[in-house]
Each structure stands twice: as structure tokens, then as C-alpha cells.
Amino acid sequence: MAQSDLTDLQLYKQGAEGRLFTGEYLGQKVLVKQRFPKKYRHPQLDAQLSAQRFRGEVRSLIRCQSLGIRTPTILLADLDQNIIVMEFLARAQTCRYFIQTLLAEDGSEPRLLALAQVIGKVLALIHSNHIIHGDLTTSNILVANPGAPDCELELVLIDFGLGFAEGSAEDKGVDLYVLERAFLSTHPNTEAIFDAIMKAYKSDVPQKDCSEILKKYEEIRLRGRKRTMLG
Amino acid sequence: MDCWSPTIDLLPPSIRIDVLLLTSVRNAAQLRKALMESDPRLENIALIKAHLIIDPLQVHVAANKSIMADSRDKKNTRSLSTEVIFNLSSTKNITASLQTFGIGDDDQNLIAVIFDDIASISSESDRNERKNKFLDLVDGSVSTNMEDLSEITDLDAITKAHKLKHLAGDRDKLTRLLISRSAAKDLIF
């Protein structure tokens, strides 16, 4: 007998844009993400924008999966109610927590560098396929198997709420810049680790795109994320 | 804060499903013919090639998606039983979906999804009666233990049907991807 209902809903996190619930669906522990309608926007504009974001999120999650990158399995995506029901990753740890734990330990450098290597590789792979995450922070990158040996660490990318496919070199540069800012402000004095991420990224991104992305990235670093609107 | 409160209505409570695994089926051609002729005993029953299904969860996800679309009159196909097959495929082409994933004349292993509208079939015994009438048509064995599916699943055929040869070596990744695709069928193809 199929149990088709979503049960045991409990508020998990309340954000500015939406809410996360935990619950059970089809016998699986799930996370339910629901975005609010924004009342300060014109209803039609709001509907259009949220539909666009919703599609962007679902598409980039699934495109990552077809590239072999782990993202939460989607069990139901319903545009009408703006909800995504997805796999609850009980064993995963945020990269943020993982890094902070390691930083507090002696001799953890090789493991941190191994992690940096994996992060760089995963970002290179999504960017090579023109997927933009949009909000890369160490809280939006999970370590699926925090207990695994250095060379087997697997990441899960979450929260593609600002994500989309078909990104330009500029978008990729912004993605890297957002990560740099988030990374260095969350984890002070870790420039060496961030450099290792960039090094792995550069060696994996196709050569022809690499120089353009890096050029944009340097430009963005000088001017900030937004394009100047002067003149 | 504000008075907006979440209401999450996943499914109209009026439709329930049964998922069965049929093995050693000897009369697939006859079943397919009955389906084409709209035999009332097969009404709202989907017959799916079992070897192309990687995990029972994919079927449940696709079935729920179909029920939801049906409740809003937003189905892509004519019936619940074709909609679930459409949701299992990786194409927008309905005919191709049905041909690839729906029952074929030589199939020996099938998954049957029985949709019951409990507004019209309310009691458990009526549902059972309907199920038994359907099963009388099947020359084969029935199993409700979906775990048997893992031995029937043909990974090569699946990667070919979904054009995902590069993921052939990783069953878990393939499973997660195919479940996600069924769950978001209307948004990604």
C-alpha cells in the first residue's frame, strides 16, 4: 500500500526567503523547502520571478546530478505551491563545520588541502558545464562522508536558490568571488586553502574558458560583485 | 511576524495507489491488446517494463506527480496510467515514452500501478476485488515485495533508454538522478 502523504512536518529552519521543514515522504526522511510569496512585490512580477528561480534551482540541481555531482535527490517539485521535497542528508556535515573542526586540530593541513582539491574540482566541473550556483558558501557545500579518507571525500552542493544553467564567464567569476569572500570571512587566515581551491579549479576548467573567467574574476575583485552603473 | 502560514497539500486524499511486481508473465501481448482496447479491468492501471525501473521509489514519485497533475487538470497525457509512464521517461515525447517504458508484447516482468479513486471505490474489499479482477488477466506471478525488482533491473538498458551511458558505473548516482528527474519532469524537459 503506497503511503503518498507528507507526514510529520516540523519546522527546521526559518529563513528570510522561505522555510525548511523536515518530514517523512514515501518512507524517506525529507527536507521540504518552501519559498514565500514576497508581498512587497507586484503579485504578477513576484509569480514570474519565483517561477524563474524555482526552475533555475530544480534544473541546476538535476544537471549537477547528471554530471555525477551529488546534490539532494528531489522527490517532488511543485511549482504551484513553490515547494521542493528532497532527500534529508542525515550524515552530511557542512563544509563550514568540517573546516572549523579541522582548523582546531594539529596536523590537519593535508586533509584541508585534500578538501580544497575536491571543492576546486567540483566547481570546475559545474562551471565547465555552465552551471552557476549563485551562493557558494561553506554552508552550502556539504561533505557527504566526513569520516572518509582524504582522497575519498565527496561533496554535496545544496541550495541552488540563486542557481541557473547557461552562465557566462562573468557569472562564473562572480561565483568564485562570492566563494572567496564567504570563505575568507568565515574562516580567517585560510588564504592558503582558498589558493589550493583556485589551483585545482584552474587545472580542471577547460583552458580556453579559464583565462576569460580568471580575467573577469580579477575585475570583479577590484570592483565588487555588482557592475558599476556609473556613466 | 506575519500571518502567512504554510499550507502544504501534497495530494488529494481521494486517490490511492498499489504497486505490484509481476514476474514470469507469459501473456504480455494479450495484456497489451486489452489495454489498447480499453478493457475496463485495466482502467487506470499502468503496466510498465520492470527491467527499466531502477528503484521502486521512482515509480512512487512518478505516480504521485501524476496524481497531483490530474487533480489540477494539468496532465500531459490522457490518463493517470499513461501519465505515470510519461513521468518515468526522459523525454517530452509521449509516444516514445509509452513505447519505451510501457508494456511490450515480449515482456516477462512488469510493474503494475493501480490507481484507485476512493471516492468511487471506497471500501478496502472493493479495491481488492478490482485488483483480483485485474490479476485474473495476468498469466504470471505476483509479488508485493518490491525488493525483487533489484534482480530484474537492467542497468545497461536503463542507461541506454535515458541516454546516460556515462553514469553506467554508478548505480546510486543513476538512481538519485532518475528519481529527481521523475519528480521534476514538468520543469526540466
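**Exercise 1. A loop serine with an odd backbone angle**

Find where Ser24(B) lies in chain B, and work out what stands out about its phi.

*Solution.* Start with the location: Ser24(B) belongs to the loop that runs between β1 (15-23) and α1 (28-36) of chain B. Keep in mind that you're looking at a predicted model. Next, check the backbone: phi of Ser24(B) comes out near 50°, which is positive even though the residue isn't a glycine. That's worth a second look because most residues other than glycine have a negative phi. Last, check the surface: Ser24(B) has 39% relative accessibility, so it counts as partly exposed.

**Exercise 2. Another positive phi in chain B**

Do the same for Asp73(B): give its phi, its place in the chain, and say whether it is buried or exposed.

*Solution.* First, the angle: phi of Asp73(B) is about 55°, again positive in a residue that is not a glycine. Second, the place: Asp73(B) sits in the loop between α2 (56-71) and α3 of chain B. Third, the accessibility: at 70%, Asp73(B) is above the 50% cut-off, so it counts as exposed.

**Exercise 3. A serine tucked into a helix**

Which element holds Ser81(B), and which residues does it touch beyond its sequence neighbours?

*Solution.* Begin with the element: Ser81(B) is part of helix α3 (residues 80-88) of chain B. Its relative accessibility is 13%, so Ser81(B) counts as buried. Now look for partners. Side chain to side chain, Ser81(B) makes a polar contact with Ser79(B) at 3.0 Å. If you set aside neighbours within four places in sequence, Ser81(B) is in contact with Asn44(B), Ile45(B), Ala46(B) and Phe115(B).

**Exercise 4. Hunting for aromatic pairs**

How many aromatic pairs does the whole structure contain, and how is each one arranged?

*Solution.* Step one is the count: searching all chains turns up two aromatic pairs.

Step two is the Tyr12(A)–Phe88(A) pair. The ring centres are 5.7 Å apart and the planes make an angle of 80°, so with over 60 degrees as the cut-off this pair is edge-to-face. Tyr12(A) comes from strand β1 (residues 6-14) of chain A, while Phe88(A) comes from the loop between β5 (83-87) and β6 (93-94) of chain A; the pair links distant parts of the chain, 76 residues apart. Tyr12(A) has 40% relative accessibility and therefore counts as partly exposed.

Step three is the Phe183(A)–Phe194(A) pair, which is tilted, with 5.9 Å centre to centre and 50° between the planes. Phe183(A) is in helix α4 (residues 169-186) of chain A and Phe194(A) in helix α5 (residues 191-204) of chain A, so the pair ties together parts eleven residues apart in sequence. As for accessibility, Phe183(A) counts as buried at 1%, and Phe194(A) counts as buried at 3%.

**Exercise 5. Lysines over rings**

Which lysine lies over the face of Phe88(A), and which one sits over the ring of Phe86(B)?

*Solution.* Go back to Phe88(A), a partner of Tyr12(A) in the edge-to-face pair. Over its face you'll find Lys29(A), 4.2 Å from the ring centre. Then switch to chain B: the charged end of Lys185(B) is over the ring of Phe86(B), 4.3 Å from the centre.

**Exercise 6. Sizing up the A–B interface**

What do chain A and chain B bury between them, how many salt bridges join them, and which element of chain A gives the most to the interface?

*Solution.* Start with contacts: 40 residues of chain A meet 37 residues of chain B. Then the area: about 3300 Å² is buried between the two chains, 60% of it on carbon and sulfur atoms.

Now the polar side. There are three salt bridges between chain A and chain B. One of them joins Arg72(B) to Asp78(A), with the closest N and O atoms 2.8 Å apart. Ten residue pairs are in polar contact across the chains, both partners at pLDDT 80 or more.

Finish with the elements. On chain A's side, β1, β2 (18-25), β3 (28-35), α1 (43-66), β4 (74-78) and β5 each give two or more residues. Of these, α1(A) gives the most, with seven residues.

**Exercise 7. A buried arginine**

Is Arg35(A) buried or exposed, and what does its side chain contact?

*Solution.* Locate Arg35(A) in strand β3 of chain A. Its relative accessibility is 11%, so Arg35(A) counts as buried. Then follow the side chain: it makes a polar contact with the side chain of Glu57(A) at 2.7 Å.

Technical notes: Residues are numbered from 1 along each chain as its sequence is written. Chains are lettered from A and ligands numbered from 1 in the order in which they are written. Side-chain values use heavy atoms; hydrogens and water are left out. Rings of Phe, Tyr and Trp (its six-membered ring) pair if their centres lie within 6.5 Å; planes under 30 degrees apart count as stacked, over 60 as edge-to-face and the rest as tilted. Helices (H or I, at least four residues) and strands (E, at least two) are DSSP runs, numbered from the N terminus. Buried means under 20% relative accessible area, exposed over 50%, partly exposed in between (1.4 Å probe, protein chains only). A charge sits over a ring if NZ of Lys or CZ of Arg is within 6 Å of the ring centre and within 35 degrees of the ring normal. Contact means heavy atoms within 4.5 Å. Buried area is the accessible area (1.4 Å probe) that two parts lose on being put together, summed over both. A salt bridge is a side-chain nitrogen of Lys or Arg within 4 Å of a carboxyl oxygen of Asp or Glu. A polar contact is a pair of N or O atoms within 3.5 Å; within protein, one must be able to donate a hydrogen and the other to accept it, and residues adjacent in sequence count only if both atoms are side-chain atoms.
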